Amino acid sequence: MTAFHYRDGALHAEGVSLTALAETVGTPFYCYASGAIEDAYNAMANALSGLPAMICYALKANGNLAVVRTLAKLGAGADVVSEGELRVALAAGIPADKIVFAGVGKTREEMAAGLRAGILQFNVESVPELEALSEVATSMGLRAPTALRVNPDVDALTHAKISTGRAENKFGIDLGHIQDTVKLALSLPGISLEGLAVHIGSQLTDLTPYGAAFERLSALYRDLHGQGVPLRRLDFGGGLGISYDGETPPDLAAYAALVRKHAAGLPAELVFEPGRFLVGNAGVLIARVLYVKQGAARRFLVLDAAMNDLIRPSMYDAYHAFKPVRAPAAGAVEMPVDIVGPICESADTFAKQRPLPPVEAGDLLAICSTGAYGAVMSSTYNCRRLAPEVLVRGEDHAIVRARPDYAAMLAGSPLPDWLKDGQVQPAKRGVA
Ligand SMILES: *Cc1c(COP(=O)(O)O)cnc(C)c1O
């Protein structure tokens with residue numbers, strides 16, 4: 001993570017001191033580095049250069065408008081999974097004809113919103129969804145540009161909760177049902193069948209599963225195209241992994257070579273849907289150590305950030321590196337600590353027995369690689385306010401999502417009349 005580095009004994013995001021940011025914004029907060037987002041996007045675009053490729057950023061990794069706008073300005077399209085994300089993508093300036101609508105459970109309202117906007121394609125995951133999309137499009141006098149998401153039955157070799165390409169997963173249409181589904185799609189009045197799509201999982205660090213999935217998908221594409229099905233787009237999905245713990249991320253050149261091998265000679269535009277890869281290492285969550293607690297068996301650092309701010313460790317046993325914002329003294333000896341949040345759940349634990357240099361109450365810690373699936377998965381559990389988000393660019397920074405105030409939090413929960421002070425209590429049901 002070159003975007004986050006020590007300067008004058010303190011961790012900086014590009015040219016901005018995280019200590020200074022913590023003073024102005026308060027903790028916990030997310031901080032994203034524009035340069036890291038741009039570098040990741042450009043690296044991928046360069047690796048795929050010469051191919052008819054569209055990089056559609058998966059907003060679900062980080063849907064902050066300023067982050068999406070940063071990618072939009074580089075030419076990215078979008079992969080959205082809800083009407084909310086569709087609206088964010090459009091508001092960020094991503095042209096509708098670069099937007100793919102994915103997801104196993106789109107509502108009819110969401111389909112209509114995508115059709116009204118004129119998006120590039122819907123990735124459809126089942127026969128009933130295909131029929132619903134056709135009905136919605138027909139009622140609007142339109143045909144929905146559609147790709148069928150294929151379930152290639154490939155093990156992505158990643159965490160079970162983010163693996164999506166096995167036959168037992170809820171995603172995509174089984175290979176054995178594709179021919180019939182294609183026939184149906186071609187017969188439906190509101191469907192314009194244009195492509196095939198695949199997405200086998202997230203945080204892939206091994207390219208082998210991609211090879212297996214791409215091979216099955218391109219063979220199917222070739223076969224259908226040969227049968228005269230007018231396909232024009234092949235969507236290879238997302239899932240490229242990043243380095244959280246020094247693991248080697250997939251080599252982009254090797255990934256691109258795999259794409260070239262399987263797409264060679266196919267009459268197809270290519271779509272890619274990276275999320276984590278573009279933003280994961282561009283973000284940190286900055287938290288303050290509230291207490292250093294010496295338990296009977298362990299030492300605990302109690303942070304002011306909690307599982308509601310970053311749920312990945314609780315949900316996926318995810319590893320995140322920790323860095324003290326104040327540079328550790330030269331030769332500081334690392335000691336194992338449990339790093340926990342304040343919430344009354346044992347799952348509110350970020351790391352166990354993690355070797356860290358000496359840290360005191362009041363110190364700031366950076367929880368690294370939290371640009372993806374961090375803020376977007378946060379909640380207000382324990383009536384905690386959502387952590388603010390800050391975007392840095394060189395020496396500049398901007399708050400791109402403010403910490404809500406408590407008045408706003410309470411205003412969001414109106415009381416029914418019968419619970420308000422000074423109101424006549426309505427009769428109970430069944431009582432005269
Ligand atoms: C989640 C998802 C992505 C993005 O996954 P990453 O691992 O963040 O790259 C892309 N496409 C689909 C269909 C998804 O569900």
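Arg393 and Glu38 form a salt bridge through their side chains, with 2.7 Å from N to O. The model is predicted, and in it the salt bridge count between domain 1 and domain 2 is 1. Arg393 lies within the bounds of domain 1, and Glu38 within those of domain 2.

**Domain layout**
- Domain 1 is made of two segments, 4-31 and 280-411, while domain 2 covers 34-278.
- The centres of the two domains, taken over C-alpha atoms, are 32 Å apart.
- Domain 1 brings 22 residues to the contact, and domain 2 also brings 22 residues.

**Extent of the interface**
- The size of an interface is often expressed as the accessible area that is lost when the parts come together.
- For domain 1 and domain 2 the buried area is about 1,900 Å².
- Carbon and sulfur atoms account for 50% of that buried area.

**Polar contacts and the domain 1 side**
- Across the interface of domain 1 and domain 2, 12 residue pairs are in polar contact, both residues having pLDDT 80 or more.
- Three elements each supply at least two residues of the side of domain 1 that touches domain 2: helix H11 (312-316), strand E20 (389-393) and strand E21 (396-401).
- Strand E20 gives the most to this side, with 4 residues.
- By residue class, the side of domain 1 that touches domain 2 has 11 nonpolar, 5 polar and 6 charged residues.

Notes: Residues are numbered from 1 along each chain as its sequence is written. This is a predicted model: local features need pLDDT of at least 70, side-chain atom pairs count only at pLDDT 80 or more; totals for chains, interfaces and linings use all residues. Side-chain values use heavy atoms; hydrogens and water are left out. Domain bounds come from an automatic or database domain assignment. Contact means heavy atoms within 4.5 Å. Buried area is the accessible area (1.4 Å probe) that two parts lose on being put together, summed over both. A salt bridge is a side-chain nitrogen of Lys or Arg within 4 Å of a carboxyl oxygen of Asp or Glu. A polar contact is a pair of N or O atoms within 3.5 Å; within protein, one must be able to donate a hydrogen and the other to accept it, and residues adjacent in sequence count only if both atoms are side-chain atoms. Ala, Val, Leu, Ile, Met, Phe, Trp, Tyr, Cys and Pro count as nonpolar, Asp, Glu, Lys and Arg as charged, and the others, Gly among them, as polar.
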